[in-house]
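Here are a few notes to help you find your way around this one. Have the structure open while you go through the points.

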Amino acid sequence: MESNIFHLQYAIDTFYFLVCGALVMWMAAGFAMLESGLVRAKNTTEILTKNVALYAVSCTMYLICGYAIMYGGNIFLSGMGEVDSAAVLSDFAAREGGFEGDSIYSGASDFFFQVVFVATAMSIVSGAVAERMKLFAFLGFAVVMTGFIYPMEGSWTWGGASVFGMYTLGDLGFSDFAGSGIVHMAGAAAALAGVILLGARKGKYGPNGEIRAFPGANLPLATLGTFILWMGWFGFNGGSVLKLGDISSAHSVAMVFLNTNAAAAGGGIAALITARLMFGKADLTMLLNGALAGLVTITAEPSTPTALTATLFGALGGILVVFSIVTLDKLRLDDPVGAISVHGVCGILGLLLVPITNSNASFSGQIIGGLTIFIWVFVASLIVWGILKAVVGIRVTEEEEYEGVDLSECGMEAYPEFVSSK
């Protein structure tokens, strides 16, 4: 009987991980659609190429060494090819068995679930540096980001390792349920470093402080991308419960789904109203970013708030993201899709809101943890971007930027029958 319970729990928790991981993988499509909809037509093919390539690079680098750095073990996932059923069953029996114990699942399913998070962090960088970065310089950075920079800070947080042997974030009261800081703020920090060294798109800012809008080429596509991300986020947050096979865990997963959806709705509504009050119009791009801001905000702790609290947290993110996007433009930090504001600023907000509903977290722990992640990723990224800039260059020429990076980097246009590359 006990053996049958073990097999059932193992199957349920493994399948749960795989399905949630597949949902998170689908977020790669959401990022690709959102970003290609918000850039100009002449840069569409290149950004689609980046999104597919970065996903492939992320999966490969995390397989080679990233997972080993983050959680220990061997490079190339050696030793994960087989499962020792007897050993796992023995451990299960030692813990007196039953669904109420820890989750039990295949190590391969854990890797799959973790690797799609790495790709999400790297996807955030893609949109922020769009329309003027060299494709292979970007992919060179992706190799280091996904193989070393992200796994290092992941080892200090979800991996439980001490920060350079000095302190353990968990002992300080740091908590980040599904990655507002670990994934989203980390991606934004890397993006910010790249944007600073890269500079703004030509013509974006005038000599007298003017800010010129560069409308996206395909807002229906951007909207589709937002809905795909919204759906994928259920796997992102829901899978982070790490277990399904008992009443308490199943209820927790359901509450995470509920709160994730509520926060996204609250963020979208709040951003739409804020944009209307500020600009006098219903700004679709702010609505889209508001929904994403709500999702990022709740990601740090979607399991303990009530549905109403989650809605209010999401609304705070939706309001904040509008002001953040406007502020970054005033600072002449050119982010074509608002990624730094959505994932960075709202990632910080999410971390700071955790102690309100989770008594195991402390404000000091959240601040120290957030600073640790940001400083590490930003400084390490700044160094890598700086080396790439010095060695191969990270920006296309002014003529190539004018023509569109579709032609200079990929040799083809996304809409050849409908638009000029100029």
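**Notes on a helix, its neighbours and one threonine**

1. Let's start with helix α10, residues 307-330, keeping in mind that this is a predicted model. At 1.5 Å a residue, its 24 residues should span 34 Å, and the C-alpha atoms at the two ends sit 35 Å apart, so the two figures agree.

2. Which residues of α10 are buried? Several are glycine or alanine: Ala310, Gly314, Ala315, Gly317 and Gly318. The others are Phe313, Val321, Val322, Ser324, Ile325, Leu328 and Asp329. Among the elements covering them are α8 (247-279), α9 (284-299) and α11 (339-357).

3. Now look at how α9 meets α10. Their axes are 7 Å apart and make an angle of about 125 degrees, so the two helices count as oblique to each other. The crossing is right-handed.

4. For the contact itself, α9 brings Met286, Asn289, Gly290, Ala293, Gly294, Thr297 and Ile298. On the α10 side they meet Ala310, Phe313, Gly314, Gly317, Gly318, Val321, Val322 and Ile325.

5. Just past the end of α10, check the backbone at arginine 332: its phi is positive, about 60 degrees.

6. Finally, go to threonine 45, in helix α2 (residues 44-71). Is threonine 45 buried or exposed? Its relative accessibility is 11%, which is under the 20% cut-off, so threonine 45 counts as buried. Leaving aside residues up to four places away in sequence, threonine 45 touches Asp406, Cys410, Met412, Glu413 and Ala414. With alanine 414 there is a polar contact too: the threonine 45 side chain reaches the backbone nitrogen of alanine 414 at 3.1 Å.

Methods. Residues numbered from 1 in each chain as written. Predicted model: local features only at pLDDT ≥ 70, side-chain atom pairs only at ≥ 80, totals over all residues. Heavy atoms only, no water. Helix = DSSP H or I, 4+ residues; strand = E, 2+ residues; numbered from the N terminus. Expected span 1.5 Å × (residues − 1). Buried < 20%, exposed > 50% of the residue type's maximum accessible area, 1.4 Å probe, protein only. Contact = heavy atoms within 4.5 Å. Polar contact = N/O pair within 3.5 Å; in protein donor to acceptor, adjacent residues only side chain to side chain. Axes fitted to C-alpha atoms, helices over the stretch in contact; angles between N-to-C directions. Parallel < 35°, antiparallel > 145°, perpendicular 65-115°, else oblique. Left-handed = near helix turned anticlockwise from the far one by under 90°.
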